Amino acid sequence: MGSHKTREQDRQEGVSAVIEVEQLTKLYGPLPALREVSFRVEQGEIVGFLGPNGAGKTTALRILTCFIPPTSGFARIAGLDCREHPLEVRAKVGYLPENISLYSDMTVRRFLAFAASAKGVPRSSRSAEVERVMERCSIMEVESRIIGHLSKGYRQRLGIAQALLNDPPILIFDEPTIGLDPAQIVEIRSLVKELGGERTIILSSHILPEVSQICQRVLVINRGQIVATDTPANLTSQLRRTQQVRIQVEGPSAEIREEFAALKGVLRVQPGDEPGTYLVETDRHEDLRPELARRVVARGWQLRELRTQEVSLEEIFMELVTEEGPREEMK
Amino acid sequence: MKGFFPVYGKEMYRIFASPIFYVVAFIFLTLAGYFFYYAVASYSLLSFQAGRNPFLAQQLNLSEMVLEPFFGSVGIVLLLMVPLITMGLFAEEKKTGTVELLLTYPISDRGVVLGKYTAALSVLALMLTGTLPAMVVLSVLTTPPWATIFSGYLGLLLMSSAFVSLGVLASSLTQHQIVAAAVTFGALLLLWIIGWAQTMAGPDLGSVLAYLSLLSHFETFTKGVLDSRDILYYGLFVTFSLFATLRVLESRHWRA
């Protein structure tokens, strides 16, 4: 085992990671799907992998489950290298692949019995274990149905149920809510949340609210690289460099824009989504609302609405993802 | 070998849950029954004629005239049916994506390959068992040469194991079941008749071709001869095919 800088740092911090990924690179032909990705996940954390489609989320998760090997770099789970000890690693991981395909000609119970035996659940406790996960994911009522006849929601829950068999300490869910209806999405999210605690969970998603609701930490990944790592709240505050004030005024639009743009501290004035509304972008620390109101009244225009607008995680995400190119060049 | 029993159990369940097996078994048994009937009927016709012809009576031989053609025909029918049983083993899992689940369970590749292979072979053994009533009929009509029957069935079983191993290999190479079936059928047919080229090829190449032939190793069994060389041939055939399958499965680690 070679010594690595990041490991050295961690030893100083005195924390033990359940999942360690170092300088992971994966090439598909000449195309890099992952470029020197490094991250760590501590025991009991729920970490969200966030990125647009094709960012490398699935590739990273497949490497962690030993389905495909990395081109270079290391992935360790509970201290075991994924390439050297694939069977031991897989025994510790419950995996829900993206758009999971299940044996459509098997019944739910028979499939889970197979999965339980494949995961090494002893024969004597197999049916109890199958019942436990079916209850956990509330699929008891479809236990004797053929998987091919199940709805998408049930199939997804069955996918989670098979991941829970033999109670693995690490759960990896690739896009757990994709293709579900809103009610099912809420159900799956709360299920994932409940599963956290002692278990370490990595889930990937391209939907921001999902990640911010479930996860304690977010890894934003784009074009095969991690562009940000933080809690959802910190990500929002750190990346919010500007603040927007939404103002609705009745009056001559050109004059209004001119008036606002001339104010000190205003960076930009844009037309809003409705006629007569303007989005005034200001510095994060300045509150220009009183000043704006005063100006409107002084000019004799009608003030209809005035409020600050939160920069949503979506916008931050878009910023991270789209500004990645130029920001790199700046370095 | 971790994972052999789970995979074996799952494959058996899926084979019996799919209509392919029932259709294939029905056609196989119908054809085998027809070939048996034809062999017995022509034998009994000859027996009638032999009553008037003492020279012909000396030629009558149940092993040669009933069992040998019967086993030979069943072998050909197997050649046609095995690709249909084995084509889905890996190809379907790749096509539907279930392979991702299977290969992220804590089971070894070896367990997966042997589990699938043994399941398909069990199904073929079951189909062969379905032809045993024909031998019971024979034992009612006459005293059959049980040793020849035993060696014939052993030959069929060994040949099935070779067929299935090649089918497993072909299925691991593609995600299209039809491609797997076509490759299996083509390769088996070529190996079946490769001995024909023996006369055209030189003596050295000719003997190699003759040794490679699936048919020549099978014929000795139908004659009631147990030869260790033939058993070794099938053993090597199966070992090679399964080893290659294992390599194909492992190739995902360096190809992807």
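Student: How many residues of chain B are in contact with chain A?

Tutor: In this predicted model, 24 residues of chain B are in contact with 22 residues of chain A, where contact means that C-beta atoms, placed from the backbone, lie within 7 Å. Local features here need pLDDT of at least 70 and side-chain atom pairs pLDDT 80 or more, while totals for chains, interfaces and linings use all residues. Residues are numbered from 1 along each chain as its sequence is written, and chains are lettered from A in the order in which they are written.

Student: Which element of chain B gives the largest share of that side?

Tutor: That is α1(B), with 7 residues. Helices are DSSP runs of H or I, at least four residues long, numbered from the N terminus.

Student: What makes α4(B) roughly parallel to α9(B)?

Tutor: Their angle is about 20 degrees, with the axes 9 Å apart. Angles under 35 degrees count as roughly parallel, so α4(B) earns that description beside α9(B). The axes are lines fitted to C-alpha atoms over the stretch in contact, and angles run from 0 to 180 degrees between N-to-C directions.

Student: Which residues of α5(B) are called buried, and why?

Tutor: They are G88(B), L89(B), F90(B), A91(B), E92(B) and E93(B). A residue is buried if 20 or more other C-beta atoms, placed from the backbone, lie within 10 Å of its own, so these residues of α5(B) carry the name.

Student: What covers them?

Tutor: The cover of the buried residues of α5(B) includes α4, α6, α7, α9 and α10 of chain B.

Technical notes. Two residues are in contact if their C-beta atoms, placed from the backbone, lie within 7 Å. Helices (H or I, at least four residues) and strands (E, at least two) are DSSP runs, numbered from the N terminus. Angles under 35 degrees count as roughly parallel, over 145 as roughly antiparallel, 65 to 115 as roughly perpendicular and the rest as oblique. A residue is buried if 20 or more other C-beta atoms lie within 10 Å of its own, exposed if 12 or fewer, and partly exposed in between; C-beta atoms are placed from the backbone.
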